[in-house]
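Reader: I have a model open at the bench and would like to know where its descriptive words come from. Could you take me through them?

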Amino acid sequence: MVKILVVDDDKNIRKLMSVVLKGEGYSVLLASDGKEALEIMDKEAVDMVIVDIMMPNIDGYQFTEQVRLVNSKLPIIMVSAKQLSEDRKKGFLMGIDDFMVKPVDTEELVLHIRALLRRAKINSEGKIIIGQVVVDSESLTVKRGDESQILPQKEFQLLYKLLSYPDKIFTRIQLMDEIWGMDSDTGWETVTVHIARLRKRFENYPEFEIRSVRGLGYKVVKKV
């Protein structure tokens, strides 16, 4: 059974989410702040976290940052009454996968959870299949029919990240930090160069396309 950790200092919200998620067949753990959530995660393996921002002791940003130091793949949905784009950006820079504004539509929340769990399953299996294309993280290969390409590591990681989250926009800085690391001396222009190489490699593949989003970054669009 999928185990979801809900982290919120509002006991009524914790109770509501617990009822909704259990009704959908999920196992639910509850924490009132980031500190308690980290203590729970030391003892329990969880499959997803839903976390608020404003909490005592350790807030949602700090919690997400600490989780990402040890687990880069755990799906995290940030839920907050904060609505400014700066709040969303900070959340994504800390490493969240999704952001929803309170009051949350519970039906929509469930849909977001299902989508993220599907993506997490793709990542855990290490393969992405789109039509005739098979992207294999173990061998760093992209296969289509009889054609097989072994990609340089950074190119592969960049492609795999984009394909894991179709239609999600990633900024150059996000991709730079995740693929090359926050301490890298390489400039964000490197991302542009690698994107250009990937586009050239797969320009004749009808299954997907890497698109630029003006002023924001890049996303993959699946066509099958």
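Reader: Let me start with two helices. Why are helix 3 and helix 4 called roughly parallel, and not roughly antiparallel?

Author: Happy to help, and please keep in mind that this is a predicted model. Helix 3 and helix 4 (residues 85-94) pack at an angle of about 20°, with their axes 8 Å apart. Angles under 35 degrees count as roughly parallel, and therefore helix 3 and helix 4 earn that description.

Reader: Which residues make that contact?

Author: From helix 3 come Tyr 61, Thr 64, Glu 65 and Arg 68, and from helix 4 come Asp 87, Lys 90, Gly 91 and Met 94. By class, the residues of the contact of helix 3 with helix 4 are 2 nonpolar, 2 polar and 4 charged.

Reader: What makes helix 7 roughly perpendicular to helix 8?

Author: Again, look at the angle. The axes of helix 7 (172-180) and helix 8 (residues 189-201) cross at roughly 85° and come within 9 Å. The range for roughly perpendicular is 65 to 115 degrees, so helix 7 is placed in that class relative to helix 8. In this contact, Arg 172, Leu 175, Met 176 and Trp 180 of helix 7 meet Thr 190, Val 191, Thr 192 and His 194 of helix 8. The contact of helix 7 with helix 8 holds 4 nonpolar, 3 polar and 1 charged.

Reader: How do you know that the length of helix 8 agrees with what its residues should span?

Author: With 13 residues at 1.5 Å a residue, helix 8 should span 18 Å, and its end C-alpha atoms are 19 Å apart, which agrees. Helix 6 (153-164) can be checked likewise: its 12 residues reach 16 Å from first C-alpha to last, close to the 16 Å expected.

Reader: Which residues of helix 8 are buried?

Author: They are Thr 190, Val 191, His 194, Ile 195 and Leu 198. Seen down the axis of helix 8, these buried residues fall within an arc of 135°, so they line one face of the helix. There is a general reason behind such patterns: an α-helix has 3.6 residues a turn, so residues three or four places apart point the same way. The cover over the buried residues of helix 8 includes helix 6, helix 7, strand 11 (208-213) and strand 12 (217-222).

Reader: Why do the buried residues of helix 2 count as being on the same side?

Author: The buried residues of helix 2 (residues 34-43) are Gly 34, Ala 37, Leu 38 and Ile 40. They cover an arc of only 160° around the axis, which puts them on the same side of helix 2. These buried residues pack against strand 1, strand 2 (27-31) and helix 3. On the face turned away from the buried side, helix 2 carries the exposed residues Asp 42 and Lys 43.

Reader: What makes helix 6 mostly covered?

Author: The count does: 9 of the 12 residues of helix 6 are buried. Among them are Phe 156, Leu 158, Leu 159 and Tyr 160.

Reader: Now for single residues. Why is Met 1 counted as exposed or buried?

Author: Exposed means over 50% relative accessible area, and Met 1 counts as exposed because its value is 77%. Met 1 sits in the segment before strand 1 (3-7). Beyond its neighbours within four places in sequence, Met 1 is in contact with Gly 25, Tyr 26, Ser 27 and Asp 47.

Reader: And what is noteworthy about the phi of Asn 57 and that of Asp 167?

Author: Most residues other than glycine have a negative phi, and most peptide bonds are trans. Asn 57 has a positive phi of about 65°, and Asp 167 has a positive phi of about 75°. Asn 57 lies in the loop between strand 3 (48-51) and helix 3 (60-70), while Asp 167 is in the loop between helix 6 and strand 10 (170-171). At 60% relative accessibility Asn 57 counts as exposed, whereas Asp 167, at 49%, counts as partly exposed.

Reader: Which peptide bond is cis?

Author: The bond from Lys 102 to Pro 103 is cis, with omega near -5°. Pro 103 belongs to the loop between strand 5 (98-101) and helix 5 (106-125).

Key: Residues are numbered from 1 along each chain as its sequence is written. This is a predicted model: local features need pLDDT of at least 70, side-chain atom pairs count only at pLDDT 80 or more; totals for chains, interfaces and linings use all residues. Side-chain values use heavy atoms; hydrogens and water are left out. Helices (H or I, at least four residues) and strands (E, at least two) are DSSP runs, numbered from the N terminus. The expected span of a helix is 1.5 Å times one less than its number of residues. Buried means under 20% relative accessible area, exposed over 50%, partly exposed in between (1.4 Å probe, protein chains only). The arc is that of the directions from the helix axis to the C-beta atoms. Contact means heavy atoms within 4.5 Å. Axes are lines fitted to C-alpha atoms, for helices over the stretch in contact, and angles run from 0 to 180 degrees between N-to-C directions. Angles under 35 degrees count as roughly parallel, over 145 as roughly antiparallel, 65 to 115 as roughly perpendicular and the rest as oblique. Ala, Val, Leu, Ile, Met, Phe, Trp, Tyr, Cys and Pro count as nonpolar, Asp, Glu, Lys and Arg as charged, and the others, Gly among them, as polar.
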